[in-house]
Amino acid sequence: MSGSRFLRACRREEVDCTPVWFMRQAGRYMEEYRKLREEYSMIELCKNPELATQVTLQPIRRFDLDAAIIFADILLPLPGMGVDFEFAVGEGPRIHRPVDTAEEVNRLHVGDPEEALSFVFDALRMVRSELDSEIALIGFAGAPFTIASYMIEGGYSRNFLKTKAMMYSNSGSWHRMMEILAEVTCRYLKAQIEAGAQAVQLFDSWIGALGADDYQKYVLPYSKFIFDSLKGSSVPTIHFGTGTAGFLDLMSQAGGTVQSVDWRIPLDQAWETVGTDLAIQGNLDPAAMMGGVEELEEKVHTVLEKAGGRPGHIFNLGHGFFPQTPIPNVEAVINWVHGFRGRER
Ligand code: CP3
């Protein structure tokens, strides 16, 4: 079997064993990363293609992973649209001037994402030239809803009240904002593919804040616009969200050749809902990484058993690693996934 195990699984082709990669596989749980962070800020790491390459490759050098994800952040396109932000220590992202009124929405612009984000494309080219051909390179962007929520709330929110207030009481501004975000995201992902991304993941991390009706009315058309416009590129597209058990069918209608699911729904049930003509990614609870090894092994096997040996399963977490994740547990999970033989071949 030739080619990347990860890309084969995305296309639902036969694989010698289940491929595995992890969201947030580069980051603070790794000593190598923490060391670089003593010298550079998160943004400095992202904007310097040599450093971003180094960080992208840190988990690849240490673990037997099947894919690398470019080191960047979903918020990087914001300044190009006229929205400045910072990563405040211990607090997460902070948007300097939230986009929470019609006037602020009118100031947003598509800008020139191909120019403004050139450091990401440079990093993709560098990483690709250093990666073995069996290891796939994943590009990514935030989905319009999740990015809009940061812009409107000014940071992470528990209840997304300002976001929903705009949706429900100023739908003209909401739709204008989503149109701009869809256009930027589309151009950003296309340029990542041109620079060497062999698959792209759209992160709609906080979409589970919505019910099915609102998803369909306020979000689906924009995510669909992005996936539809990537169809010509012929790379696999991964659609990620958390808390999506109530509208996975709608999410898969929006698009993506791989649907990523979290641990709140059993993998087999999720796969049945989206249809086995899609590949599926997931869905270990990242908190399981913190538990005892026996429970962890059982949870990993449950995920693999629910995938049932069907082609098209990519093992991942249901959301990203916590910074406290113990390295030996990461190694163990990769070994269990690659060594799993509970299926007919
Ligand atoms: O390894 C990888 O997965 C690639 C790198 C990556 C980062 N952010 C690096 C990062 C990816 C794919 C992201 C996506 C991202 N960023 C998402 C979607 C995925 C998810 O987790 O839901 C979101 C919502 C963000 C926004 C964001 N960036 C937040 C909320 C934070 C602060 C919270 C935190 O974990 O500290 C960031 C900062 C960030 N992005 C860090 C990393 C490694 C931590 C920065 C640091 O202090 O070193």
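1. A good place to start is a helix-helix contact: Pro49, Glu50, Ala52, Thr53, Thr56, Leu57 and Arg61 of helix 4 meet Phe119, Asp122, Ala123, Met126, Val127 and Glu130 of helix 7. By character, the residues of this contact split into 7 nonpolar, 2 polar and 4 charged. Please keep in mind as you read that this is a predicted model.

2. Now for the geometry of that pair. Two packed helices are described by the angle between their axes and the distance between the axes. Here the axes of helix 4 (residues 49-62) and helix 7 (residues 118-130) come within 8 Å and cross at roughly 45°. Helix 4 and helix 7 are therefore oblique to each other, and helix 4 passes helix 7 in a right-handed crossing.

3. On to the sheet, which is open and built from 7 strands in the order 1-4-5-6-7-8-9, with parallel pairing. Strand 1 (67-69) and strand 9 (313-317) stand at the edges with a single partner strand each, so one side of each has no neighbour in the sheet. From one strand to the next, the twist averages 25°.

4. If you would like one strand pair to look at within the sheet, try strand 6 (residues 237-241) and strand 7 (residues 258-260), which pair in the parallel sense over 3 bridges. Phe240 stands opposite Ser260 in strand 7.

5. Finally, do look at how a helix meets the sheet strands. Helix 10 (residues 171-194) lies across strand 4 (136-142) and strand 5 (199-204). Relative to strand 4, helix 10 runs at about 165°.

Definitions and conventions. Residues are numbered from 1 along each chain as its sequence is written. This is a predicted model: local features need pLDDT of at least 70, side-chain atom pairs count only at pLDDT 80 or more; totals for chains, interfaces and linings use all residues. Side-chain values use heavy atoms; hydrogens and water are left out. Axes are lines fitted to C-alpha atoms, for helices over the stretch in contact, and angles run from 0 to 180 degrees between N-to-C directions. Helices (H or I, at least four residues) and strands (E, at least two) are DSSP runs, numbered from the N terminus. Angles under 35 degrees count as roughly parallel, over 145 as roughly antiparallel, 65 to 115 as roughly perpendicular and the rest as oblique. A crossing is left-handed if the near helix is turned anticlockwise from the far one by less than a right angle, and right-handed if clockwise. Contact means heavy atoms within 4.5 Å. Ala, Val, Leu, Ile, Met, Phe, Trp, Tyr, Cys and Pro count as nonpolar, Asp, Glu, Lys and Arg as charged, and the others, Gly among them, as polar. Two strands pair if DSSP finds at least two bridges between them.
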